[in-house]
Structures are given as C-alpha cells and as structure tokens.
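Got your viewer open? Let's take a walk through this model, one selection at a time.

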Amino acid sequence: LQNLDSQIAERVLMAMTERQIPCLPVHDSFIVPARHEDRLREAMMRSYMELMGFEPLVERARGTRILEKFRNWNLLNQYRT
C-alpha cells in the first residue's frame, strides 16, 4: 500500500510540475496556491483512479496552519536552487 501511495503522489507531483504549478507534498497532502486547488484535486483524482481503478474520497484540510514563510509563494522562489 505504501508503494501505491508513493506512486499516486509521484503522479500528482508530475502533473503539477508539467503545469508549472508549485506543489509542496506534506505527508499525505499537498499544498498549492489557493487559485490552483481545483487543478490539484483533478490531478489527485485522476492519479488515484489510474492506479486503483475507482474514485477516492478527497477532503480539503480546513484549519491547518501553514508555515509563515510559505504563505507567500513569491518567497518560496528564493529557496529554489
């Protein structure tokens, strides 16, 4: 199951990278700029369905805290190599 989970996560990250959308994986979740939430959800659903063969239950995390330095995605660029 961990292998399937990592394959799904890899597909999600690749899909977001192809669209040039910054995506930060955190355990079993992903952080993207709010305006790209729908694209992330689509990538998650598609990746899961391709590997598992059925639609997953995907919930949006509410009330979670994001590190202050990542609230502004422009600041993230300074950490890229």
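Before you click on anything, here is a yardstick for the whole tour: buried means under 20% relative accessible area, exposed means over 50%, and partly exposed is in between (1.4 Å probe, protein chains only). What you see is a predicted model, where local features need pLDDT of at least 70 and side-chain atom pairs count only at pLDDT 80 or more, while totals for chains, interfaces and linings use all residues. Residues are numbered from 1 along each chain as its sequence is written, and side-chain values use heavy atoms, with hydrogens and water left out.

**Stop 1: a charged trio**

Select Arg-19 to start. At 32% relative accessibility, Arg-19 counts as partly exposed. Now add Glu-42: the two side chains meet in a salt bridge, 2.9 Å from N to O. That term stands for a side-chain nitrogen of Lys or Arg within 4 Å of a carboxyl oxygen of Asp or Glu. Arg-19 sits in the loop between α1 and β1 (24–26), Glu-42 is in helix α2, and the pair links distant parts of the chain, 23 residues apart. (Helices, H or I with at least four residues, and strands, E with at least two, are DSSP runs numbered from the N terminus.)

Keep Glu-42 selected; this residue is partly exposed, with a relative accessible area of 40%. Add Arg-46, whose side chain also meets Glu-42 in a salt bridge, at 3.2 Å from N to O. Both of these residues lie in helix α2, 4 residues apart, or about one turn of the helix. Arg-46 is partly exposed too, at 33% relative accessibility. Show Arg-19, Glu-42 and Arg-46 together and you have a network of salt bridges.

**Stop 2: a bridge between helices**

How many salt bridges does a search of the whole structure find? It finds 4. For another one, select Arg-11 and Glu-50, whose side chains meet at 2.6 Å, N to O. Arg-11 lies in helix α1 (residues 2–18) and Glu-50 in helix α2 (residues 37–52), so the pair ties together parts that are 39 residues apart in sequence. Arg-11 comes out as partly exposed, at 34% relative accessibility.

**Stop 3: into the middle**

Next, pick Ser-47 in helix α2. Is Ser-47 buried or exposed? Its relative accessible area is 4%, so Ser-47 is buried. Leaving aside neighbours within four places in sequence, Ser-47 is in contact (heavy atoms within 4.5 Å) with Ile-8, Arg-11 and Val-12.

Ile-8 and Val-12 also belong to the largest nonpolar core, which has 10 residues in all. Such a core is a set of buried Ala, Val, Leu, Ile, Met, Phe, Trp, Tyr and Cys residues joined through side-chain atoms within 4.5 Å. Add the other members, including Ala-15, Met-16, Phe-30, Leu-40 and Ala-43. Helices α1 and α2 each supply at least two residues of this core, and α1 gives the most, with 4 residues. Zoom in on Ala-43: apart from neighbours within four places in sequence, Ala-43 is in contact with Val-12, Ala-15, Met-16 and Arg-19.

**Last stop: two rings**

A search of the whole structure finds 1 aromatic pair. Select Tyr-48 and Phe-54 to see this edge-to-face pair, 5.6 Å centre to centre with 80° between the planes. Rings of Phe, Tyr and Trp (its six-membered ring) pair if their centres lie within 6.5 Å; planes under 30 degrees apart count as stacked, over 60 as edge-to-face and the rest as tilted. Tyr-48 is partly exposed at 21% relative accessibility, and Phe-54 is partly exposed at 44%.
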